[in-house]
Structures are given as C-alpha cells and as structure tokens.
Amino acid sequence: MSTSPMQVSEARRFQQLRGHLSYLKLNDAAEALNRVLDQARTERMSLTAALERLLEIEVEATEARKLAARERFACLPEPWTLADFDFAAQPGVDEKLIRDLATLRFLDDASNVLFVGPPGVGETMLSVALGRAAVDAGHRVYFTTAAELAAKCHKAALEGAGRPACASSQVRSF
C-alpha cells in the first residue's frame with residue numbers, strides 16, 4: 001500500500017499545525033484539533049468558521065483558568081452570591097444600596113466598602129457576595145476580616161516591615 005504525496009503532505013501539515021499550537025501554548029486548541037476538523041468536515045464548515053471554533057475553545061479554557069485563579073486568590077470563605085441573601089429577613093439592610101454596590105461602580109472610583117453591624121445581620125455574607133461578583137467580573141479580590149487585617153498589620157509592624165502588606169493598594173478588603 002503506497003501513500004500519495006498529497007496524503008504525506010497533509011499528514012505533515014497536520015503535525016506541523018499541532019506543533020504550532022503546542023509551541024504557542026494553545027494546548028486546549030491542540031487537544032480539540034481532531035474534533036474540530038472532524039466537525040468541520042461533517043458540517044461542511046468554512047475554514048474561517050473552523051478556525052474561529054478552534055480559537056473559541058482556547059479562549060474559553062483560558063478564561064476558565066483565569067476565573068479559577070481569581071477564585072483561589074480571593075479566599076472567599078463561602079460560595080455565597082447576592083441571590084442567597086434574604087433581604088426580607090433583614091429589613092434594616094438597604095436593598096437598593098446593596099444592589100447599587102453590586103454594580104461594582106465603587107471599584108471605578110477606587111472606593112472601599114465597609115459593612116458594620118451587630119452579629120447575624122449579614123455583613124460577612126454581603127461582603128462575600130460582592131467579592132464573588134467582583135471575581136466573576138474579572139477583578140482580583142482578597143477577602144479578609146477586620147480581625148485578620150489588624151493582626152497582619154500588627155505582625156508587620158512588629159517585624160519592622162517598611163510597608164506592611166495590609167497597607168498595599170493592591171489588596172481590596174470587603
């Protein structure tokens with residue numbers, strides 16, 4: 001059984017394409033290449049549509065990795081969202097204000113949000129929910145409590161650090 005020069009050429013091109021995708025660290029696209037080429041053939045997709053689908057797979061995988069990294073960095077103690085908060089059970093919480101905060105406009109102004117209240121009102125839940133919204137919107141968030149923040153500042157002061165981590169403008173506390 002002999003192979004035609006065209007088959008060898010196509011086989012070589014396929015291997016080069018996989019090599020290029022791997023070299024460029026487009027690993028999810030490289031992994032999906034067979035599936036996308038098969039789909040393109042069976043659905044008679046244009047070259048542009050097939051290429052767009054291949055790159056879409058890579059973009060989706062990259063976004064998922066970035067989201068997972070932001071979630072790990074955030075150290076949110078629970079998976080709460082604003083939908084989990086029962087405003088009816090806490091009539092003292094201004095729902096309109098919280099919904100406005102959920103737009104994350106305060107981030108554009110580099111403003112801080114501080115929830116203060118007696119235990120059980122929902123300060124932590126609301127903080128986590130806003131943090132989750134910010135993470136989902138592509139922002140880096142770091143959740144900490146006031147007690148943890150004070151302890152870190154105290155420790156940094158005792159160690160004589162020039163600029164304690166808790167004073168960094170890179171860290172947002174909710």
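Which residue follows helix 3, and what is the sign of its phi? Helix 3 is followed by Cys-75, with a positive phi near 55°. Before going further, a word on the ground rules. This is a predicted model, where local features need pLDDT of at least 70 and side-chain atom pairs count only at pLDDT 80 or more, while totals for chains, interfaces and linings use all residues. Residues are numbered from 1 along each chain as its sequence is written, and side-chain values use heavy atoms, with hydrogens and water left out.

**Helix 3 and a pocket**

Helices here are DSSP runs (H or I, at least four residues), numbered from the N terminus. Helix 3 covers residues 47-74, 28 residues in all, and spans 41 Å from first C-alpha to last, close to the 40 Å expected at 1.5 Å a residue; that expected span is 1.5 Å times one less than the number of residues. Its buried residues are Ala-50, Leu-54, Ile-57, Glu-58, Ala-61, Arg-70 and Ala-74. Buried means under 20% relative accessible area, exposed over 50%, and partly exposed in between (1.4 Å probe, protein chains only).

The second largest pocket has a volume of about 300 Å³. Of the 14 residues lining that pocket, Leu-17, Leu-37, Leu-47, Ala-50 and Leu-51 are the closest to its centre. Helix 1 (5-23), helix 2 (27-42) and helix 3 each give two or more residues to the lining. For the record, a pocket is an open set of points on a 1 Å grid over the protein atoms alone, where a 1.4 Å probe fits, with protein on both sides within 12 Å along at least five of seven lines; lining residues have an atom within 4 Å of a point. The volume is the space filled by probe spheres set on the points, which are joined across faces, edges and corners.

**Arg-132**

Arg-132 sits in helix 6 (residues 123-136). Why does Arg-132 count as buried? Because its relative accessible area is 14%. Leaving aside neighbours within four places in sequence, Arg-132 is in contact (heavy atoms within 4.5 Å) with Glu-71, Leu-76, Glu-78, Pro-79, Trp-80 and Thr-81. Take Glu-78: 54 residues from Arg-132 in sequence, yet 9.5 Å away in space, C-alpha to C-alpha.

**Positive phi in the loops**

Two loop residues have a positive phi although neither is a glycine.

| Residue | Phi | Loop | Relative accessibility |
|---|---|---|---|
| Lys-25 | about 60° | between helix 1 and helix 2 | 64%, exposed |
| Ala-110 | about 55° | between helix 5 (105-108) and helix 6 | 54%, exposed |

**Aromatic pairs**

Rings of Phe, Tyr and Trp (its six-membered ring) pair if their centres lie within 6.5 Å; planes under 30 degrees apart count as stacked, over 60 as edge-to-face and the rest as tilted. By this rule there are two aromatic pairs. The rings of Phe-73 and Tyr-142 have centres 5.9 Å apart and planes at 55°, so that pair is tilted. This pair links distant parts of the chain, with Phe-73 in helix 3 and Tyr-142 in the loop between helix 6 and helix 7 (146-158), 69 residues apart. Phe-73 is partly exposed, at 33% relative accessibility.

For Phe-85 and Phe-87, the ring centres are 4.8 Å apart and the planes are at 70°, so the pair is edge-to-face. Phe-85 is buried at 9% relative accessibility, and Phe-87 is buried at 10%.
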